[in-house]
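Got your viewer open? Load the model, keep the selection box handy, and follow along.

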Amino acid sequence: MILVTGGAGFIGANFVLDWLAGSDEPVLNLDKLTYAGNLYNLAALQDDARHVFVQGDIGDRALLDRLLAEHRPRAVVNFAAESHVDRSIHGPEDFIQTNVVGTFRLLEAVRHHWSGLPEAQRSAFRFLHVSTDEVYGTLEPEAPAFAETHNYQPNSPYSASKAASDHLVRAWHHTYGLPVLTTNCSNNYGPFHFPEKLIPLVIVNALAGKPLPIYGDGMQVRDWLYVRDHCSAIRRVLEAGLPGETYNVGGWNEKPNIEIVHTVCRLLDELRPRADGQSYSAQITHVTDRPGHDRRYAIDARKIERELGWRPAETFETGIRKTVQWYLEHPEWVAQVQSGAYREWVQKQYAA
Ligand code: NAD
Ligand code: DAU
């Protein structure tokens, strides 16, 4: 089996669902269930014995030792993190605890487990660390996209904590030989995306008749990747990546935020027109910018294509249409997340 951490969050849940749709190899899913963790994302696996869920912290060494000894995973995929830049600005402490200290504890527990394995299992073992393009800092408008060799220049408490975790992962390979892989990915979007992030926030606010907040002038550029493409990239790196290597993962979809928001509004105008006949874009409101807001990210994803043959399957046009449709078809998910009722669902489901 594989151990997935943070598998009840946005990308982790998509990864677990995709993994079990394509393979019978069981998943041990360790997630603390912070505000961002939602077992309702995994409701389709409720009666599936291949999915073993444990509520717990990657910083809990005793729990990790017990789980690794009991389940003996052949690989670890580490999604667990505090992931929201704005929250990291308001309160960086949790980001240091989980992203830095938590990753350190996980690495140590995994190293202990890995070093006791028989040689064949030891060389086949993998620790895949899921990271972000934000560790590279910000780009000038015409600068080349981030390659894996780009300097680390993190600018927010979130990206600094992720950069620190990447350095720990690298050091555990260099010093102890732990067979690690690191992926640095651009902005994901798709089903189960928590509505604190731009795209789901815009969809749910638009439908609720609320303002669509654009930070500053809205000309900040991000590269957008459909989440299931990210999942297929991770599977490919896990299968064929070289230990010690890092792989940038992106969608070849650089766009300014304001264009993203207009695209979402146009799709909603088509699929769920406003009662008054006006466009949802009338709800766009420019608000105070994020402190230290990085102006541009762009990913050069040629290495993963050249060495591992991976390319995204979705264009932004196909991916964003699927995403808007998913939110329109899952109002109960949005309501659960917003009301906090999903926590009651967890209590009910896992009380025993
Ligand atoms: P998310 O916030 O939706 O989910 C994070 C999950 O981790 C949640 O289920 C949460 O309960 C769990 N978690 C938090 N602290 C934990 C702890 N101490 N122990 C165990 N579980 C814990 O995040 P996401 O958007 O799914 O991101 C997943 C990973 O991918 C993160 O490492 C993030 O840095 C990285 N990443 C995200 C994006 C993106 O666009 N969302 C892009 C690149 C990289
Ligand atoms: O680049 C990868 C990163 O993408 C991941 O590492 C992070 O975990 C993930 O949260 C995401 O970070 P961003 O800060 O780019 O995502 P967010 O959705 O918060 O913001 C996207 C852009 O939209 C960013 O430039 C800020 C802007 N924004 C965001 C919100 C929430 C707005 O203009 N208005 C908003 O209300």
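What follows is a walk through a predicted model, from the annotated span to the ligand and then on to a few single residues.

**Stop 1: the annotated span**

Select residues 3–323. UniProt, in an unreviewed entry, lists this stretch as "domain: NAD(P)-binding". In a cartoon view, the span is 41% helix and 17% strand. Put a distance label on the C-alpha atoms at its two ends and you should read 28 Å.

**Stop 2: ligand 1 and its shell**

Now pick ligand 1 and show what surrounds it. How many residues surround ligand 1? There are 28, and the closest are Ile 11, Asp 31, Ser 83, Tyr 158 and Lys 162. Colour the shell by residue class and you get 12 nonpolar, 12 polar and 4 charged residues.

Next, zoom in on some polar atom pairs:

- Lys 162: a polar atom of the side chain sits 2.7 Å from an oxygen of ligand 1.
- Asn 188: here the backbone supplies the polar atom, 2.8 Å from a ligand 1 oxygen.
- Lys 32: look at the backbone again, where an N or O atom is 3.1 Å from a nitrogen of ligand 1.

Switch on a surface for the ligand. On its own, ligand 1 exposes 840 Å², and the protein buries 97% of that. Which elements give two or more residues to the shell? Select α1 (10–22), β5 (126–132), α6 (157–176) and β7 (187–189) to see them. The largest share comes from β5, with 3 residues.

**Stop 3: Thr 183**

Leave the ligand and go to strand β6, residues 180–185, where you'll find Thr 183. Is Thr 183 buried or exposed? Its relative accessibility is 0%, so Thr 183 counts as buried. Show its contacts beyond four places in sequence: Leu 128, His 129, Val 130, Ser 131, Thr 132, Val 237, Tyr 247 and Val 249. Leu 128 through Thr 132 fall within β5 (126–132), one of the elements you selected around ligand 1.

**Stop 4: Lys 303**

Select helix α10, residues 302–308, and pick out Lys 303. Lys 303 counts as buried because its relative accessibility is 11%, under the 20% cut-off. Follow the side chain to its tip: a polar atom there is 2.8 Å from the backbone oxygen of Thr 246. Setting aside residues up to four places away in sequence, Lys 303 touches Glu 148, Glu 245, Thr 246, Tyr 247 and Leu 308. Tyr 247 should ring a bell, as it is also in contact with Thr 183.

**Stop 5: Leu 212**

Jump to strand β8, residues 212–215, and select Leu 212. With a relative accessible area of 0%, Leu 212 is buried. Draw a C-alpha to C-alpha line from Leu 212 to Val 261: they are 49 residues apart along the chain, yet separated by 8.1 Å. Val 261 is also among the residues Leu 212 contacts, not counting neighbours within four places. The others to show are Val 202, Asn 205, Ala 206, Cys 265, Tyr 280, Gln 283, Ile 284 and Thr 285.

**Stop 6: Glu 259**

Finish in helix α9, which runs over residues 257–271 and holds Glu 259. What is the relative accessibility of Glu 259? It is 37%, so Glu 259 counts as partly exposed. For one more distance label, try Gly 218: its C-alpha is 8.3 Å from that of Glu 259, with the two positions 41 residues apart in sequence numbering.

How values were computed. Residues are numbered from 1 along each chain as its sequence is written. Chains are lettered from A and ligands numbered from 1 in the order in which they are written. This is a predicted model: local features need pLDDT of at least 70, side-chain atom pairs count only at pLDDT 80 or more; totals for chains, interfaces and linings use all residues. Side-chain values use heavy atoms; hydrogens and water are left out. UniProt positions are given in the numbering used here, feature names are shortened, and annotations may be inferred rather than shown by experiment. Helices (H or I, at least four residues) and strands (E, at least two) are DSSP runs, numbered from the N terminus. Buried means under 20% relative accessible area, exposed over 50%, partly exposed in between (1.4 Å probe, protein chains only). A residue is near a molecule or strand if one of its heavy atoms lies within 4 Å of it. A polar contact is a pair of N or O atoms within 3.5 Å; within protein, one must be able to donate a hydrogen and the other to accept it, and residues adjacent in sequence count only if both atoms are side-chain atoms. Accessible areas come from the Shrake-Rupley method with a 1.4 Å probe; for residues, only the protein chains shown count as cover. Ala, Val, Leu, Ile, Met, Phe, Trp, Tyr, Cys and Pro count as nonpolar, Asp, Glu, Lys and Arg as charged, and the others, Gly among them, as polar. Contact means heavy atoms within 4.5 Å.
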